[in-house]
Amino acid sequence: MPRRSEQNVAPGYRCLSFFFRAVTCCLLLALGGCTPVRVPLVEVATNHAPLFIDDLAIEDLLQAIDRQIVYLQKLPAEQETSIAGHRFSAIHLIDSLGSFRDLVVGQTNPLELSRLLREQFHVFQAAGRTADHAMLVTGYYEPLFAGSLTKEGPYRFPLYRVPDSLVVRTDPATGDKQPGRIDAAGTFRPYWTRKELEDGQLLSGQELVYLRDPLDAYLMHVQGSGRIRLPDGSTHAVQFAATNGLTYNSLGKLFVDRGILPRNEVSIPAIRAYFADHPEDLEEMLHHNPRYVFFRQGDRLGPRGSLGLILTPNRSAAIDHRVLPTGAIGFLFSKRPVLDASGSISHWRPYGRFLLPQDSGAAITGPGRIDLFCGSGPAAETIAGHLNEPGELFFLVKKSATDFASPR
């Protein structure tokens with residue numbers, strides 16, 4: 001379910017440390033006076049590790065853990081993950097998640113659970129975006145939009161299947177997958193931009209469903225999957241299938257850059273309100289983002305992340321898997337909105353929460369970004385649409401017998 005968040009703006013904040021002050025971030029200095037490179041993860045000494053006090057019930061956490069273990073069991077047993085100088089095999093990561101699960105189930109005292117985790121697990125902190133390890137925490141959700149399987153009435157704005165003209169090759173220099181197209185001369189070219197595709201109607205015949213609002217279609221691209229409520233009242237799930245491979249440009253950042261909204265007021269509701277008053281700006285501003293998403297029929301059990309796993313609301317998150325570990329349990333400190341009976345935000349509350357890194361996204365890059373899957377429905381939309389907060393992110397991996405042999 002690669003998305004993602006429109007709140008792709010880096011505010012000049014200092015991270016809120018709700019339980020402790022993190023250790024100072026280490027930097028690697030390249031030879032010859034080059035620009036410092038931030039290490040993506042640093043190990044935290046046991047006596048400096050935070051209190052791991054979770055704010056939610058454990059049932060959904062156990063479900064997310066079980067799904068993550070299934071994913072890891074499909075990897076080669078000898079495959080290793082490097083985390084802050086340590087190397088962990090897939091077997092070790094499976095054992096780590098299993099041991100964590102046993103501790104969570106068997107220990108009802110949250111303070112004792114936190115003590116055991118700090119004693120038995122390595123604790124690593126994501127380097128974040130600033131010297132004090134500040135993360136930018138945003139949210140995404142599974143939207144539900146009105147639509148139709150056929151072009152009729154108000155339903156005129158399609159989501160498209162993967163077109164035959166989209167080809168993917170492997171970059172010989174990097175090994176990365178590159179989406180593109182083959183031109184009339186047989187040369188591999190970048191795929192068409194959002195503007196080119198829509199203005200030229202280049203995807204005609206590949207329509208999957210039709211929505212009644214072009215912004216709904218755009219937001220489905222951003223969220224990566226969702227459900228369509230058809231005229232007969234039934235729902236039809238759609239799921240991310242591919243992209244045109246072009247750069248993602250944030251609509252939220254565009255609103256800030258043009259001085260339309262201050263960065264602390266950028267949200268989906270605010271964007272909707274602006275376009276309701278300025279419909280003449282809609283097409284040009286949406287075309288600012290050249291990246292285009294293609295869809296397939298989705299899973300009735302819920303949206304799947306980039307690891308192929310069904311996402312668990314409030315327990316699954318998107319990270320940059322190139323720099324942060326996929327197989328470790330995560331713990332996030334941040335701040336979340338609390339809704340009143342009418343579904344409006346009444347206040348904000350700090351929290352700590354275990355989660356699993358089960359997704360990724362075009363806007364979620366580097367060691368300073370995490371995007372929390374908030375679920376589906378109006379409440380999830382409100383929360384995800386307003387999340388744009390500082391936070392701190394940790395990863396836990398079980399220590400091995402050799403780690404216990406030497407006192408830390």
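## A walk through the sheets, pockets and a long-range salt bridge

Strands β10 and β11 run antiparallel to each other and are joined over four bridges. If you want a spot to look at while you find your bearings, take R169, which sits opposite Q178 in β11. Keep in mind throughout that this is a predicted model.

Now bring in the next strand. β10 and β11 belong to an open sheet of three strands, ordered β10-β11-β12, with antiparallel pairing. The edges are held by β10 (167–170) and β12 (188–189); each has a single partner strand, so one side of each has no neighbour in the sheet.

There is another sheet to visit, this one with six strands. It is open too, its order is β9-β13-β8-β14-β15-β16, and its pairing is mixed. At its edges you'll find β9 (157–160) and β16 (293–297), each of which pairs on one side only. Going from strand to neighbouring strand, the turn averages 45 degrees, with direction ignored. As a general reminder, strands in a sheet pair through backbone hydrogen bonds, in either a parallel or an antiparallel way.

Let's zoom in on one end of that order. Strand β15 (residues 235–243) meets β16 in antiparallel fashion, over five bridges. Here Q239 is the residue to click on, as it stands opposite R296 in β16. Then look for what packs on the sheet: helix α5 (residues 214–223) does, and it touches β8 (144–148), β9, β13 (207–211), β14 (225–229), β15 and β16. The direction of α5 makes about 145 degrees with that of β14.

Next, the pockets. Which residues lie nearest the centre of the largest pocket? They are K177, P179, T243, R291 and R322, out of 26 residues that line it. Two elements give two or more residues to this lining, namely β11 (177–182) and β15. So you've met both of these strands already: β11 in the order β10-β11-β12, and β15 as the antiparallel partner of β16. The volume of the largest pocket comes to about 840 Å³, and its lining breaks down into 13 nonpolar, eight polar and five charged residues.

The second largest pocket holds about 620 Å³ of space. Its lining counts 24 residues, and R156, F157, P158, Y160 and E198 are the ones nearest its centre. Two or more lining residues come from each of β9, α4 (194–199), β13, α5 and α8 (282–286). Sorted by class, this lining has 13 nonpolar, four polar and seven charged residues.

Finally, some charge pairs. How many salt bridges turn up in the whole structure? The search finds 18. One to look up is the pairing of the R315 and D54 side chains, at 2.8 Å from N to O. It links distant parts of the chain, with the two residues 261 apart: R315 is in the loop between β16 and β17 (316–318), while D54 is in the loop between β3 (41–44) and α1 (59–73).

How values were computed: Residues are numbered from 1 along each chain as its sequence is written. This is a predicted model: local features need pLDDT of at least 70, side-chain atom pairs count only at pLDDT 80 or more; totals for chains, interfaces and linings use all residues. Side-chain values use heavy atoms; hydrogens and water are left out. Two strands pair if DSSP finds at least two bridges between them. Axes are lines fitted to C-alpha atoms, for helices over the stretch in contact, and angles run from 0 to 180 degrees between N-to-C directions. Contact means heavy atoms within 4.5 Å. On a 1 Å grid over the protein atoms alone, a cavity is a set of points where a 1.4 Å probe fits but cannot get out, and a pocket is an open set with protein on both sides within 12 Å along at least five of seven lines; lining residues have an atom within 4 Å of a point. Grid points are joined across faces, edges and corners, and a volume is the space filled by probe spheres set on the points. Ala, Val, Leu, Ile, Met, Phe, Trp, Tyr, Cys and Pro count as nonpolar, Asp, Glu, Lys and Arg as charged, and the others, Gly among them, as polar. A salt bridge is a side-chain nitrogen of Lys or Arg within 4 Å of a carboxyl oxygen of Asp or Glu.
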